[in-house]
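Hi everyone, thanks for coming. I'd like to walk you through a structure that is new to most of us, so please have a look at the screen.

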Amino acid sequence: MAKLTELVRDHTQLDREQVAHLSRLVSEWGMLADFCFSDLLLYVPTSSGRWAVVAQVRPATGQTMYQTDWVGSWANDSEVDLIERAYRDAKILEGEIVVEGLADETRMVAIPVVHSGRPIAVLTREWIEKAGRRPGELERAYDSIFQSFIRMIAMGTFPFTQRAGDSSAAPRVGDGVMWFDVDGEVQYVSPNANSALHRVGIQASAIGMRLAELGFHDGPVRQAFERKVPVIEEFEQGDGVTLLCRCVPFVELTNGDEHVIGAVLLMRDVSELRKRDRLLLSKDATIREIHHRVKNNLQTISSLLRLQARRLTHPEAISAVGDSVRRIRTIALVHEALSREPGDDVTFIEIVRPLLRLAEEGLQSVDRPVRFTVHGDGGRIPAAIATPLSVVLTELLQNAVDHGFPEGSAGGSVVVQLENADRQLRLSVVDDGRGVESGFRLEDATGLGLSIVRTLVTTELDGTIEMRPLSEADARSVGLETPAGARGTVVDLIVPLGEE
């Protein structure tokens, strides 16, 4: 279905502000349809002289008259006369119309949509007379509220230009309604609103009283009267009851001045929703605390291993313990990042940067100066992937330094390149060192580091890995300046990140 803005642009000469006014009306009119128990359609005059339907809404409080969508269609002959007169005279008019496929008598109220003092469109309420609800107290009150809204539309004071929060998350008519007069006294309370009052301990009749006199929080109503704009507020009322309220004032123009002549308050009990939110926050805080404690425990183990290494004399044992310390510190870094961020994802660059600092501290020396840099950020990745991927990156950095820049060499550069696209993380480790030996195959490597890499990538990460000699194109892509004939190594890693 075409959007309102597209239809208006294609068929009319309305300017941006006028289109914005219609868009604001459409964002609010679900509430109007609920108050009048009827379908609402929005018509605009086109450059060809016809009237086009550019938007349609059905009520949530009553039965729809139209099973099909009329957006993009044209007003028929019986509708045009009523619509044109309402538009021309800027008056609200009611009459009978003929709708194709409907044999019953159909009624229409045509409301001119006024902006900056002149009509720009016509809003219609359309219903079948005999299918209407039997009017009771609720129906009569809702009709009076609807009449207040359409008078505002015809005067140009509704919809409001100011936004009072996200109206899509605001209460609906079915959640509960309170209607106030010009003095802020309650004129009507819907059954659901009355139930909400009972839940907060207010048993007395609210009719003819102000909210403050009932002991009910009157902030939204008071601010709506004072500021002459809708107000959305969430507050706790009574013992453990959380209410989300939206108050919309009825504003009339008298000699160019705006006056509030009443208001309607929509209220929704969100106690259970907020209770679940608090449980989720508590659970999230608990998980982060667990990550924090795991990080501390891993750091303790790392310290114990370093103490143990000081008592060793065999170089091979010292090296093995040092490798274990480095791997444990890598996993601790992941848990530290997870302890800071809510949710099940982590920003990968916040792990990669500390890993590069660890590599600089532990792998380079005066006899082997190596510069580590990172390009890209990798976006956010699932926590389940972060730990094995960080271990893989640590092993690749270690391998690049150990095999690319032996002790006593002139050193060089190691670049980590990250890209997160199409639910895949692409990670490359590029160095300008000695390069791989002729005939080298990663699957034949027997070293512990590369064995760990190969196992983690193919099993836990379900990814692919390739190790190959550095080319001039590779060097240029990461900003390395290598002399002609220089060697180097590229490790390309692709890890799927799962579904959104």
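**A tour of the strands, helices and rings**

Let's start with one pair of strands: strand 1, residues 39–45, and strand 5, residues 118–128, are antiparallel partners, joined by five bridges. If you want a spot to find on the screen, look for D39, whose bridge partner in strand 5 is E126. Before I go further, please keep in mind that this is a predicted model.

Now let's widen the view to the sheet around that pair. In what order do the strands of this open sheet come? The order is 2-1-5-4-3, five strands in total, with antiparallel pairing. At the edges you find strand 2, residues 51–57, and strand 3, residues 93–97; each has a single partner strand, so one side of each has no neighbour in the sheet. As for the twist, neighbouring strands here are turned by 30° against each other on average, ignoring direction.

Next, the helices on this sheet. Helix 2 lies across strand 1, strand 2, strand 4 and strand 5, and it runs at about 160° to strand 1. Helix 4 lies across strand 4 and strand 5, at about 45° to strand 4.

Let me zoom in on two residues of the sheet. One is I111, which sits in strand 4. Is I111 buried or exposed? Its relative accessibility is 0%, so I111 counts as buried. Setting aside neighbours within four places in sequence, I111 is in contact with a list of residues that includes A121, V122 and L123, as well as I150, I153 and A154. For a sense of scale, take I111 and V370: they are 259 residues apart in sequence, and their C-alpha atoms are 75 Å apart in space.

The other residue is G95, in strand 3. G95 is buried too, with a relative accessible area of 12%. Leaving out residues up to four places away in sequence, G95 touches L82, T106, R107 and M108. With M108, the C-alpha to C-alpha separation is 5.5 Å, although the two positions lie 13 residues apart in sequence numbering.

Let's move on to the rings. How many aromatic pairs does the structure hold? There are ten. I'll show you two of them. In the pair F35 and F149, the ring centres are 6.2 Å apart and the planes stand at 25°, so this pair is stacked. F35 belongs to helix 2, residues 16–36, and F149 to helix 4, residues 137–155, so the pair ties together parts that are 114 residues apart in sequence. Both F35 and F149 are buried.

The second pair is F216 and F235. Their ring centres are 5.8 Å apart and their planes at 85°, so this one is edge-to-face. F216 is in the loop between helix 6 and helix 7, while F235 is in strand 8, 19 residues apart. Here again, F216 and F235 are both buried.

There is also an aromatic cluster to look for, made up of F35, F37, Y142, F149, F158, F160, Y188 and F250. So our stacked pair, F35 and F149, turns up among its members.

Two arginines meet rings as well. The charged end of R50 sits over the ring of W74, 4.2 Å from the ring centre. Likewise, the charged end of R125 sits over the ring of W127, at 4.1 Å from its centre.

My last stop is strand 9, residues 242–254. This strand is mostly covered, with ten of its 13 residues buried. On one hand, strand 9 runs antiparallel to strand 8, residues 231–236, and six bridges join the two. I232 stands opposite R246 of strand 9. Strand 8 and strand 9 form a hairpin with five residues between them, and G238 in the turn has a positive phi of about 75°.

On the other hand, strand 9 pairs with strand 10, residues 257–269, over twelve bridges, again in the antiparallel sense. One example is V251, whose bridge partner in strand 10 is V260. These strands also form a hairpin, with two residues between them, and N255 in that turn has a positive phi of about 55°.

That's my tour, and I'm happy to go back to any part of it.

Methods. Residues are numbered from 1 along each chain as its sequence is written. This is a predicted model: local features need pLDDT of at least 70, side-chain atom pairs count only at pLDDT 80 or more; totals for chains, interfaces and linings use all residues. Side-chain values use heavy atoms; hydrogens and water are left out. Buried means under 20% relative accessible area, exposed over 50%, partly exposed in between (1.4 Å probe, protein chains only). Helices (H or I, at least four residues) and strands (E, at least two) are DSSP runs, numbered from the N terminus. Two strands pair if DSSP finds at least two bridges between them. Rings of Phe, Tyr and Trp (its six-membered ring) pair if their centres lie within 6.5 Å; planes under 30 degrees apart count as stacked, over 60 as edge-to-face and the rest as tilted. A charge sits over a ring if NZ of Lys or CZ of Arg is within 6 Å of the ring centre and within 35 degrees of the ring normal. Axes are lines fitted to C-alpha atoms, for helices over the stretch in contact, and angles run from 0 to 180 degrees between N-to-C directions. Contact means heavy atoms within 4.5 Å.
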